[in-house]
Amino acid sequence: MRVLYPFIAVLALIVVAFLGGKVTGLQYLLGVVLPYLAFGVFIVGFVNRVIQWAKSPVPFRIPTTCGQAKSLSWIKQDRLDCPHNKLEVAARMFLEIVLFRSLFRNTKAEIHDGPKLVYGSSKFLWLFALLFHYSFLVIVLRHLRLFTEPIPFFVPLIELADGILQIGAPRLYQTDMIFLAALAFLFLRRVMLRQIRYISLPADYFPLFLIFAIGVTGLLMRYYYRVDIAAVKMITAGLASFSPTLPEGIHPIFFIHVTLVCTLMIYFPFSKLMHMGGVFLSPTRNMSNNNRVVRHINPWNDPAIKPHSYAAYEDEFREFMKGADIPVEKE
């Protein structure tokens, strides 16, 4: 059921968009009103979520448990795992955002015959996650051709590099295949690995189905139905310039694709997909671990409260502690 419900939800979206794409009045709703609504929800929701995270108090440093903080000269420190200045923090953030370093170091535990507990790394998860995110980025950048005039200089270069194998007509983009393959891996990993399947929820499967459907409908538009790209450009450029027009004769697959993309934009700020913005605000990534170098004082400390040693505490509450059978240092 955890898999079935998200699948049915995405299927229902496709059916509704397909039927709506055949009705003139609903075409305007799906092709013009819904994109504006989705974009507004995405921007407001994304910014609001980031502001809420930024306002969350973090009075103390939250060091990671690896890397050994800088202390004594004869104790080895890992400057990336346990940075003690801003430059090292910036290096850690860069590697985290660009190369998913923490995912590369992700470990898994398995019980082998014996029984014997064996620790290893999940390099395939890191690799396919990296392929998925970068393919997604390239696909989004390629879509700028539809929203801009003149087209940014880097878009044709990206398209040239992406279709350099010259397979088929129109050219097959490598990132399209990599994108779907990476999604398939992430889905199969979640379904086939017992430990991952146990902790997976419908909210984990829904974005996978939704993004996969977006990719498939995009490919169908490009290679099978051959949607009128001039008409699509007219719609998307009109949306970008706030002068939307909706030419007639657009195939319903276009409205299915747009509806799924809009659903993803609306869903994004309220889902785990917000890790895209959250990675910049993670205290375990953006704070230096210099607890052994600098004394940090809690800004919420009440200056009226004086330091209270354990000896003074015991002097104050010794009789009560004895009454509760709590051991004391002084009788």
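This section describes the confidence, helices, one pocket and selected residues of a predicted model.

The mean pLDDT of the protein is 88, and 100% of its residues reach 70 or more. Confidence varies along the chain: among the elements of the protein, the highest mean pLDDT, 94, belongs to helix 12, and the lowest, 74, to strand 1, which spans residues 107-112. Where pLDDT is low, the predicted coordinates should not be read in detail.

Helix 12 comprises 16 residues, 252-267. From first to last C-alpha this helix reaches 22 Å, close to the 22 Å expected at 1.5 Å a residue. Helix 12 is mostly covered, with 12 of its 16 residues buried. The buried set opens with an unbroken run in the listing, from Pro252 through Ile253, Phe254, Phe255, Ile256, His257, Val258 and Thr259 to Leu260, and is completed by Cys262, Thr263 and Leu264. The cover over these residues includes helix 1 (4-20), helix 2 (24-55) and helix 5 (123-142), together with helix 10 (202-224) and helix 11 (229-240).

Helix 10, one of the elements covering helix 12, has 23 residues and reaches 31 Å between its terminal C-alpha atoms, close to the 33 Å expected at 1.5 Å a residue. Helix 10 is followed by arginine 226, whose phi is positive. This residue is located in the loop between helix 10 and helix 11, and its phi is near 50 degrees, in a residue other than glycine. Arginine 226 has a relative accessible area of 49% and is therefore classed as partly exposed, since the exposed class begins over 50%.

A second positive phi in a residue other than glycine occurs at phenylalanine 100, where the angle is near 55 degrees. Phenylalanine 100 is placed in the loop between helix 3 (86-99) and helix 4 (101-104). Its relative accessible area is 15%, so phenylalanine 100 counts as buried, the limit being under 20%. Phenylalanine 100 is also among the contacts of tryptophan 126, a residue of helix 5. Apart from neighbours within four places in sequence, tryptophan 126 is in contact with Leu99, Phe100, Leu103 and Phe104. Tryptophan 126 and glutamate 96 are 30 residues apart in sequence, and their C-alpha atoms lie 12 Å apart in space.

Leucine 141 likewise belongs to helix 5. With a relative accessible area of 25%, leucine 141 is partly exposed. When residues up to four places away in sequence are not counted, leucine 141 touches Phe154, Val155 and Ile158. A separation of 15 Å lies between the C-alpha atoms of leucine 141 and alanine 237, which are 96 residues apart along the chain. A cis peptide bond links glutamate 149 to proline 150, with omega near 5 degrees. Proline 150 is located in the loop between helix 6 (144-147) and helix 7 (154-162).

The second largest pocket has a volume of about 370 Å³. Its lining consists of 16 residues, and Lys108, Ser122, Arg189, Leu193 and Ile196 lie nearest the pocket centre. At least two lining residues each are supplied by strand 1, helix 5, helix 8 (174-192) and helix 9 (194-199). By class, the lining contains 8 nonpolar, 4 polar and 4 charged residues. Strand 1, a contributor to this lining, has the lowest mean pLDDT among the elements of the protein.

Arginine 190 lies in helix 8, an element that also supplies residues to the pocket lining. Arginine 190 has a relative accessible area of 16% and is therefore buried, under the 20% limit. Beyond residues up to four places away in sequence, arginine 190 touches Ile196, Arg197, Ser200, Asp204, Tyr205, Leu208 and Lys272. One of these contacts, Ile196, is listed among the residues nearest the centre of the second largest pocket.

Asparagine 289 occupies the loop between helix 14 (283-286) and helix 15 (310-323). At 2% relative accessibility, asparagine 289 counts as buried. Its contacts, leaving aside neighbours within four places in sequence, are Ile62, Pro63, Thr64, Ala69, Asp81, Cys82, Pro83, His84 and Arg92.

Note on methods: Residues numbered from 1 in each chain as written. Predicted model: local features only at pLDDT ≥ 70, side-chain atom pairs only at ≥ 80, totals over all residues. Heavy atoms only, no water. Helix = DSSP H or I, 4+ residues; strand = E, 2+ residues; numbered from the N terminus. Expected span 1.5 Å × (residues − 1). Buried < 20%, exposed > 50% of the residue type's maximum accessible area, 1.4 Å probe, protein only. Contact = heavy atoms within 4.5 Å. pLDDT = per-residue confidence, 0-100. 1 Å grid on protein atoms, 1.4 Å probe; cavity = no way out; pocket = protein on both sides within 12 Å on 5 of 7 lines; lining within 4 Å. Points joined across faces, edges and corners; volume = space filled by probe spheres on them. Nonpolar A, V, L, I, M, F, W, Y, C, P; charged D, E, K, R; others polar.
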